[in-house]
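Work through the exercises below with the sequence and the model side by side. Try each task before reading its solution.

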Amino acid sequence: VDLEAFVRGLPKAELHLHIEGSLEPELMFALAKRNGIALPYPSVEAVRAAYAFSNLQDFLDIYYAGASVLLTRQDFHDLAMAYFDRAAAEGVRHAEIMFDPQTHTDRGVPFAEVIEGLLSAMAEAQARHGMTSALILSFLRHLSQDAAFATLAMAEPWLDRITAVGLDSSEVGHPPRKFEQVFAAAAAKGLKRVAHAGEEGPPAYVYEALDLLHVDRIDHGNRALEDEDLVARLAAQGMTLTVCPLSNHKLCVVDDLADHPLDRMLALGLAATVNSDDPAYFGGYVADNYLAVARARGLSRDQLAQLARNSFAGSFLPQEVIASHI
Ligand code: HPA
Ligand code: ZN
């Protein structure tokens, strides 16, 4: 089979996906119409043309603006269902999806509307595609730790349906240590922990995520490669890195996909995985990410299969379920 068929047929887990980042411009327009919201763009083409970013903040400004069309539980259901249908068609068997409640609650959208819409889509994905999924509640790091605590309190009635907490948004200037107490509180409630670290931030932020937030995975982690001791530690403990090649290219974390460090990570013994991050904004879903980096770096099928195995091994599925996928 050709490379594209091989990649699509490879059973995969997706571990780094912001559900708000899967909002395609077509659905953005449909929801704007349904909710009577005016968008600052005349057309789908104009929206896509605005997706040229030179760093993380450039992207985040547009990403938060796009999320303004999401108001009701039906909107969140439709958003997530579009992602699940697409992911299932390209071999994703399990998805651990991040959502940013503060992006919505700060606009007056009730937490219940957000999470109930996502949960109903997750149940439908299971029924329709046999696809399993989990929710990661992500705190916005440009906001305060107190605001994160308030979000965790809002989530209390649903904690049995939330697998982990995460940390995303503007990295530089908002180090992991800012959220040490709220991550400890989440851990005490039995939640797993992930954090974006080393996307734009320095290796010191990856150390803080490990030592202060006690994370179970590092999202991105690219800049860990600048620190040999850190690489050795991440490799020795088998820490999963959720790497996002097309995101890295679009946000100028790497200048050229041909220079992407994914295979260097594997060679260093790091448990790297491939993920789409914000597929509607970065030009591709998870299979597109595998393919783009495979072509740019000349990855072998063995390496691609290793990345797919790493994605299940790094998931929050029970060990026996992981074993059944690998
Ligand atoms: N980094 C930080 N915050 C985000 C991202 C990302 O790649 N995507 C959505 N929120
Ligand atoms: Zn991300």
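**Exercise 1.** Find the buried residues of helix 4 (residues 56–66) and decide how they are arranged around the helix.

Solution. The model is a predicted one. Start with the list: Leu56, Phe59, Tyr63 and Gly66 are the buried residues of helix 4. Next, look down the helix axis. These buried residues fall within an arc of 90 degrees, so they line one face of helix 4. Last, ask what that face meets. The buried residues of helix 4 pack against helix 2 (25–35) and helix 14.

**Exercise 2.** Repeat the analysis for helix 8 (residues 145–154), and add its opposite face.

Solution. The buried residues here are Ala148, Thr151 and Leu152. Down the axis of helix 8 they fall within an arc of 100 degrees, so they line one face. Turned away from that buried side are the exposed residues Asp146 and Ala153. The packing partners of the buried residues are helix 6 (101–105), strand 3 (132–140) and helix 9 (180–188).

**Exercise 3.** Place Phe183 and Leu159, and classify each as buried, partly exposed or exposed.

Solution. Take Phe183 first. Phe183 sits in helix 9. A residue is buried if 20 or more other C-beta atoms lie within 10 Å of its own. Phe183 has 25, so Phe183 is buried. Beyond four places in sequence, Phe183 touches Val165, Arg193, Leu213 and His214. Phe149 is 34 residues from Phe183 in sequence, with 9.2 Å between their C-alpha atoms.

Now Leu159. Leu159 lies in the loop between helix 8 and strand 4 (164–168). With 14 other C-beta atoms within 10 Å, Leu159 is partly exposed. Val44 is 115 residues from Leu159 along the chain, and their C-alpha atoms are separated by 37 Å.

**Exercise 4.** Which residues does the UniProt annotation "binding site" cover, and how are they arranged in space?

Solution. The unreviewed UniProt entry puts this annotation on His16, His18, His196 and Asp277. They span 262 residues in sequence, yet no two of their C-alpha atoms are more than 11.7 Å apart, so they gather at one spot.

Check two of the histidines. His16 is in strand 1 (residues 12–18). His16 is buried, with 32 other C-beta atoms within 10 Å. Contacts of His16 beyond four places in sequence are Asp219, Thr242, Cys244, Asn275 and Asp277. His196 belongs to strand 5 (residues 192–197). His196 is also buried, with 28 C-beta neighbours inside 10 Å. With the same sequence neighbours set aside, His196 touches Leu167, Asp168, Glu171, Asp219 and His220.

**Exercise 5.** List the shell around ligand 1, sort the shell by class, and examine Asp278.

Solution. The residues around ligand 1 are His18, Gly21, Leu56, Tyr63, Asp168, Ser169, His196, Glu199, Ser247, Asp277 and Asp278. By class, two are nonpolar, five polar and four charged. Asp278 carries a "binding site" feature in the unreviewed UniProt entry. Asp278 lies in the loop between strand 8 (271–274) and helix 14 (279–282). Asp278 counts as buried because 25 C-beta neighbours lie inside 10 Å. Outside the four-place window, Asp278 is in contact with His18, Gly21, Tyr63 and Ser247.

**Exercise 6.** How many residues does the largest nonpolar core have, and what does Tyr290 contact?

Solution. The largest nonpolar core has 96 residues. Those with the most contacts inside this core are Ile19, Ala80, Leu118, Val206, Ala209 and Tyr290. Beyond four places in sequence, Tyr290 is in contact with Val7, Val274 and Leu304.

Notes
Residues are numbered from 1 along each chain as its sequence is written. Chains are lettered from A and ligands numbered from 1 in the order in which they are written. This is a predicted model: local features need pLDDT of at least 70, side-chain atom pairs count only at pLDDT 80 or more; totals for chains, interfaces and linings use all residues. A nonpolar core is a set of buried Ala, Val, Leu, Ile, Met, Phe, Trp, Tyr and Cys residues joined through C-beta atoms within 7 Å. A residue is buried if 20 or more other C-beta atoms lie within 10 Å of its own, exposed if 12 or fewer, and partly exposed in between; C-beta atoms are placed from the backbone. Two residues are in contact if their C-beta atoms, placed from the backbone, lie within 7 Å. A residue is near a molecule or strand if its C-beta atom, placed from the backbone, lies within 6 Å of it. Ala, Val, Leu, Ile, Met, Phe, Trp, Tyr, Cys and Pro count as nonpolar, Asp, Glu, Lys and Arg as charged, and the others, Gly among them, as polar. UniProt positions are given in the numbering used here, feature names are shortened, and annotations may be inferred rather than shown by experiment. Helices (H or I, at least four residues) and strands (E, at least two) are DSSP runs, numbered from the N terminus. The arc is that of the directions from the helix axis to the C-beta atoms.
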